[in-house]
Amino acid sequence: MTKRAATKRQTREHGILDSRDFMEESKVRRLHAPHNERSGWSPYPSNDDRDQGYLKTLKPKSEGQGELMEAIDHHNLVMALGPAGTGKTYLAVAKAVEALEAGKVGRIVLSRPAVEAGESIGFLPGDMEDKLAPYLRPLYDALSDRLSMKRVKALMAEGLIEIAPVGYMRGRTLNNAFIVVDEAQNCTYVQLKMLLTRLGWHSTMVVTGDPQQSDLLPGISGLSDISARLEAVPDIAVVRLAERDIVRHPLVASMIGVL
């Protein structure tokens with residue numbers, strides 16, 4: 001074997017490109033990676049849905065948020081009232097996930113009234129979950145920020161996370177659960193009374209809402225009345241957040257002050 005032929009054979013076997021291979025079209029060869037490198041890095045994403053390997057540390061961003069987090073840690077029933085952007089829903093859902101992951105509760109139950117914000121979207125196709133998806137989107141967003149979507153879907157499939165409309169809560173007793181009732185300003189007095197009395201043994205319930213942002217007719221919402229009554233009960237915490245606790249864009253606090 002000549003020296004040139006031996007060199008060309010060596011370059012092909014080791015995946016090294018030799019410019020002399022392109023001198024004649026008939027001698028062009030398609031080079032393949034060596035066998036021991038074929039299972040290495042690939043520029044194409046893998047099909048496996050990787051789970052989130054970390055959990056963000058939950059820290060209050062205002063004095064009011066710190067008070068709310070402390071109230072959730074020490075009370076079985078917490079009423080969180082405040083304007084938009086104060087983190088009421090996010091903190092409640094984050095605390096629910098924290099309790100579930102720590103084994104303090106056996107499941108999470110999230111409930112929200114199916115009330116539209118002044119604009120009707122008509123009839124929606126699909127089953128109950130599909131119809132309620134637009135109304136429950138904020139709860140899904142908060143869940144997916146604390147857990148990967150793969151983990152959320154798995155927990156929902158196992159029944160460890162349940163998202164239910166207010167109308168389907170009557171007659172139930174929720175034991176060993178962390179219950180979050182969101183947008184409670186869109187519940188009537190009777191609905192809120194029904195929801196609050198679902199609380200069972202070894203459970204925690206957090207009710208969030210903004211009395212100034214109800215989509216019901218004036219005087220229909222029961223959130224303000226019930227919160228005022230429950231403040232007199234020693235083992236129930238009523239936390240009132242203010243404009244200084246808003247953690248969204250600074251313009252949100254400015255607008256709420258004048259609108």
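Which residue in E5 is the bridge partner of Val180? Select Val206, since that is the residue of E5 that pairs with Val180, and keep both in view while the rest of the model is introduced.

**Before you begin**

The model is predicted, so to speak of local features a pLDDT of at least 70 is needed and side-chain atom pairs count only at pLDDT 80 or more, whereas totals for chains, interfaces and linings use all residues. Residues are numbered from 1 along each chain as its sequence is written, and side-chain values use heavy atoms, with hydrogens and water left out.

**The whole chain**

Colour the protein chain by secondary structure, and you will find 8 helices and 6 strands, where helices (H or I, at least four residues) and strands (E, at least two) are DSSP runs numbered from the N terminus. Followed along the sequence, these elements give the pattern α-α-β-α-β-α-α-β-β-α-β-α-β-α. Of the 259 residues, 37% are buried, buried being under 20% relative accessible area, exposed over 50% and partly exposed in between, with a 1.4 Å probe and protein chains only. Among the contacts with a separation of 6 or more, 73% are between residues 24 or more positions apart; contact here means heavy atoms within 4.5 Å.

**The sheet**

Next select the 6 strands, which form an open sheet in the order E3-E2-E4-E5-E1-E6 with parallel pairing; two strands pair if DSSP finds at least two bridges between them. At the edges lie strand E3 (161–165) and strand E6 (236–240), each of which pairs on one side only. On average, neighbouring strands of this sheet are turned by 15° against each other, direction ignored.

Now step through the sheet pair by pair. Strand E2 (residues 107–112) runs parallel to strand E4 (residues 177–181) and is joined to it by 5 bridges, and Ile108 is the residue to select opposite Phe178 in E4. E4 in turn pairs with E5 in the parallel sense over 4 bridges. From E5, move to E1, which is joined to E5 by 5 bridges and runs parallel to it; here Leu77 stands opposite Met205. Finally, 5 bridges join E1 to E6, again in parallel, and Ala80 can be picked out opposite Val239 in E6.

**Strand E5 and strand E6**

Stay with E5 and show its side chains. In a regular strand the side chains alternate between the two faces of the sheet. For E5, both faces are covered, with Thr204, Val206 and Thr208 buried on one side and Met205, Val207 and Gly209 buried on the other, so that 6 of its 6 residues are buried. Then turn to E6, where 4 of the 5 residues are buried, so this strand is largely enclosed by the rest of the structure.

**Helix H7 and its partner H6**

Add H7, which lies across strand E1 (77–81), strand E5 (204–209) and E6, and runs at about 130° to E1. Two packed helices are described by the angle between their axes and the distance between the axes. Axes are lines fitted to C-alpha atoms, for helices over the stretch in contact, and angles run from 0 to 180 degrees between N-to-C directions. Helix H6 (residues 189–196) and helix H7 (residues 223–230) pack at about 45°, with their axes 9 Å apart. To show the contact, select Tyr189, Leu192, Lys193 and Leu196 of H6 together with Leu223, Asp225, Ile226, Arg229 and Leu230 of H7.

Within H7, centre the view on Ile226, which is buried with a relative accessible area of 5%. Leaving aside its neighbours within four places in sequence, Ile226 is in contact with Met79, Tyr189, Leu192, Lys193 and Leu196. The C-alpha atoms of Ile226 and Leu192 are 7.9 Å apart, although these residues are separated by 34 residues along the chain.

**Helices H2 and H3**

For the last stop, select helix H2 (residues 63–74) and helix H3 (residues 88–101), which pack at an angle of about 35° with their axes 11 Å apart. The contact is made by Gln65, Leu68, Met69, Ile72 and Asp73 of H2 and by Lys88, Leu91, Ala92 and Lys95 of H3.
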